[in-house]
Amino acid sequence: MVMMAWASRAIGLLVALGVGLTVLEGEAQAAEGRTLSLLQLANLLEDDAGDLLGGGDLLPADPVPEPAAAAPSAAEGDPLGGSLLDDGELLTEDPSSLPSTETLFAEEGTPEDEAPLLSKAAQDHARLFEESDYPSAITCASCHPRQYDEWSVSQHAYAQLSPVMLTMQNAINGLTSTTTGDFCLRCHAPVGSELNEPLTASNLDRHPASREGITCASCHRMSKIFGRINGRIVLESGDIFRPVYGPTGNAGLQKVLDNPETFRVTTSRDEPGRDIHVKVEKFFALTQPEFCGTCHDVSVPNGLRIEEAFSLFKASPAARAGTTCQDCHMGKTQGRAEGYDIGPAATVGGVDTEPRRLTNHFFAGPDYSLIHPGLFPSNVDAAKLKTMGEWLEFDYEAGWGTDAFEDNLPEGYTFPDSWVSIDDRYDAQAIIQDQLAKLEWAKTKRMEVLRNGFDLSDIRVTRADAGGVDFEVDVKNISDGHVNPVGFDAERLFFLQVTVTDGDGAVVFRSGDRDPNGDIRDRHSLYVEEGEVPLDDQVFSLQSKFMARLRNGAEREQVLPAPVALTVAPFIRPEARPSGLYGAFKAIRKHRKGISPLDHRTAAYSVKGEALTGKGPYRVDVALISQALPVNLIGTIQHTGFDYRMTPKDVAEALIKGAVTLRETSAEITLAGE
């Protein structure tokens, strides 16, 4: 039943529109089997002109564990255990359909029939370390190891690598006949946008600096502040010797250039030494919130405000006090303005430059990596050892490159060609352990910034007798900087998990638990929609919702911010009336549910008397949970396929595994008369 509902959502509308599920037919992803044609999918699923935008059902999958420290799962089973999440039945996992790791490569001036057979690794390594118009962050790491180390595991470094980002962009472009264009790419991969890379290209095939997302060049090759939002910027192109742009100007670099013997640098390709940029142009805008607002305010052409972080900051107490985005998000403490570290801006040839104020380039937030640790965090040694495609073949979880595995290798065990060398496997395992440690460090910083934004009050009991128990708890925004959650808040999941147990430990009430897909039981839950689990009408969630207006004037929630008409060629329609004067775009809006700075929202709960067992005292446990994205988003966009050969189930499992408990509180309740 639920699979057929997904058919009506994910296929029906596109059947009516005549739009294929291959976003751009003939593009690389389609050729590599990473997407599925409409005809193939329509043959498998029910043809019904339903509503794609309201969500998407998911195909069967094996159970995955509940995230650490999270409240118990629904009685029906663990999240995803028995869900309808696609585990490869629609998305191919046949290695023969995936791109080859070998390719013919002809050197310039070499006849094609004499071209040497070079591995894709050799080609990618050459691209990665050669100078280009947009140098890779790995090039910058040689002189800026601290900044690179912070950035390498940041959300900026992950912005383009996220498999959800790329798939969501392709899904929305599919719904709008590609009229959305590079709207997402502009901010998530400014270099890729500058290079006019194909919208649907896999990250495995992109320019190294493009797949680095918001990389060094994205900020330090911007020479003008355009006063625009939506990330439509211009970067200064040029190799490593070209000037860069920084907050303080050229004084520190000039001392390095004046002492080439000490620092062993050169500003000419024809001279020996470490390549270095010739000048640092002072660009004061880097220190101002408006610089961040370029990408952290997002409005689509029809006026829908998808992200409002910069606008909300400008109206905050922090802005009135003169605090900047950089003060809270690039200082000593993630999420608080507690000053900056002092230290060298660069370490050139093993020699530190003079100490100065340092900004932190980690930028903690609610997101986290869902991909193979060989691909993220960014790692100089990992890039030198293997290509991204080869890292995807490395089974670190099986223990490759450990004594326990290698000393007990099963007879006849075979490795991919790129991992035949035992030395490579040991080197790779050492890199993976470093990567996992860095990801754990990043998790602590994610918790730091989120805990500096949210808190819970004590539980207040307003009724406790044989007729029922009522209680409430405040969820507080303890930051003065902006509404929380902020950013892409229509897909950020912050919710309360509430459990009430009797004196014997039996559960008598639960809210904020998950359906078998791993979603909370709100109106985006496919199991709720199909009537297979009850709606949680007391759930407290801070996830904002996109509200589409129907022809009769009513509204409905939808997952994607892409209003489309039932015509042959859907596209983003310009608004016919002045949205600025009316304050809203008439076809769709965002119902924001965040909490204003230094304010709170109260979650109230009621346990009916018939649910009470008479075995007191009763215990109430409340946990505030943060998860990067809801699983229902994965179901909605899965028809375009995911990068890195991931299935929707892989992505959903990683999302749930990464969920964290930010705050907890509890109370004991004794009924009146007991």
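What follows is a chat about how some labels on this predicted model come about.

Reader: What makes cysteine 187 and cysteine 295 a disulfide?

Author: Their sulfur atoms sit 2.5 Å apart, and a disulfide is a pair of cysteine sulfur atoms within 2.5 Å, so the pair gets the label. The structure holds one disulfide. The torsion about the S-S bond is -100°, and the link is left-handed.

Reader: Which parts of the chain does that pair tie together?

Author: Cysteine 187 belongs to helix α10 (residues 185–188) and cysteine 295 to helix α16 (residues 289–296), so the link joins parts that are 108 residues apart in sequence.

Reader: How do you know whether cysteine 187 is buried or exposed?

Author: Buried means under 20% relative accessible area. Cysteine 187 comes in at 12%, so the residue is buried. Cysteine 295 has 22%, which falls between the 20% and 50% limits, so the label there is partly exposed.

Reader: What about cysteine 325, and why is there no bond to cysteine 292?

Author: The closest cysteine sulfur to that of cysteine 325 is in cysteine 292, at 4.3 Å, and that is too far for a bond because the cut-off is 2.5 Å. Cysteine 325 is buried, by the way, with a relative accessible area of 17%.

Reader: And how far is the sulfur of cysteine 328 from the closest cysteine sulfur?

Author: The distance is 8.3 Å, to cysteine 325, so again too far for a bond. Cysteine 328 counts as buried too, at 12% relative accessibility.

Reader: Zooming out, how many helices and strands does the chain have, and how much of the chain is buried?

Author: There are 27 helices and 23 strands. Of the 674 residues, 55% count as buried. The accessible surface is about 28,600 Å², with 51% of that belonging to carbon and sulfur atoms. As for contacts with a separation of 6 or more, 73% are between residues 24 or more positions apart.

Reader: What makes a group of residues a nonpolar core, and which ones have the most contacts inside the largest?

Author: The members have to be buried residues of the nonpolar kinds, joined through side-chain atoms within 4.5 Å. The largest such set has 92 residues, and Trp391, Phe471, Val475 and Leu496 have the most contacts inside it. Helix α23 (residues 422–451) gives the most to this core, with seven residues. A second core, of 11 residues, is separate; among its members are Tyr134, Ile233, Phe283 and Ala285.

Reader: Which residues does phenylalanine 471 touch?

Author: Leaving out residues up to four places away in sequence, the list includes Ile459, Val461, Val498, Val500, Tyr605 and Val620. Arg460 and Thr462 are also among the residues that phenylalanine 471 touches.

Reader: Why is the sheet β19-β18-β20 said to have edges?

Author: This is an open sheet of three strands with antiparallel pairing. β19 (555–558) and β20 each have a single partner strand, so one side of each is left without a neighbour in the sheet. The twist averages 35° from one strand to the next.

Reader: How do you know that β18 pairs with β20 and with β19?

Author: Pairing takes at least two bridges. Strand β18 (residues 545–549) and β20 have four bridges, so that pair qualifies. β18 and β19 also have four, so they pair as well. Methionine 547 is bridged to arginine 589 in β20, and alanine 548 to arginine 556 in β19.

Reader: Which face of β20 is covered?

Author: Ile588 and Lys590 make up the covered face of strand β20 (residues 588–591), while Arg589 and His591 are on the uncovered one.

Reader: What makes some backbone spots worth flagging?

Author: Most residues other than glycine have a negative phi, and most peptide bonds are trans. The peptide bond from asparagine 484 to proline 485 is cis, with omega near -5°, and proline 485 is in the loop between β15 (468–477) and β16 (493–501). Glycine 616 and proline 617 are also joined by a cis peptide bond, omega about -5°.

Reader: Where are the positive phi values, and are those residues buried or exposed?

Author: Leucine 598, in the loop between β20 and β21, has a phi of about 60°. Its relative accessible area is 57%, which is over 50%, so leucine 598 is exposed. Tyrosine 644 has a phi near 65° and lies in the loop between α26 (631–637) and α27 (648–657). At 6%, tyrosine 644 is under the 20% limit and therefore buried.

Key: Residues numbered from 1 in each chain as written. Predicted model: local features only at pLDDT ≥ 70, side-chain atom pairs only at ≥ 80, totals over all residues. Heavy atoms only, no water. Helix = DSSP H or I, 4+ residues; strand = E, 2+ residues; numbered from the N terminus. Buried < 20%, exposed > 50% of the residue type's maximum accessible area, 1.4 Å probe, protein only. Contact = heavy atoms within 4.5 Å. Areas by Shrake-Rupley, 256 points an atom, 1.4 Å probe, with all protein chains shown as cover. Axes fitted to C-alpha atoms, helices over the stretch in contact; angles between N-to-C directions.
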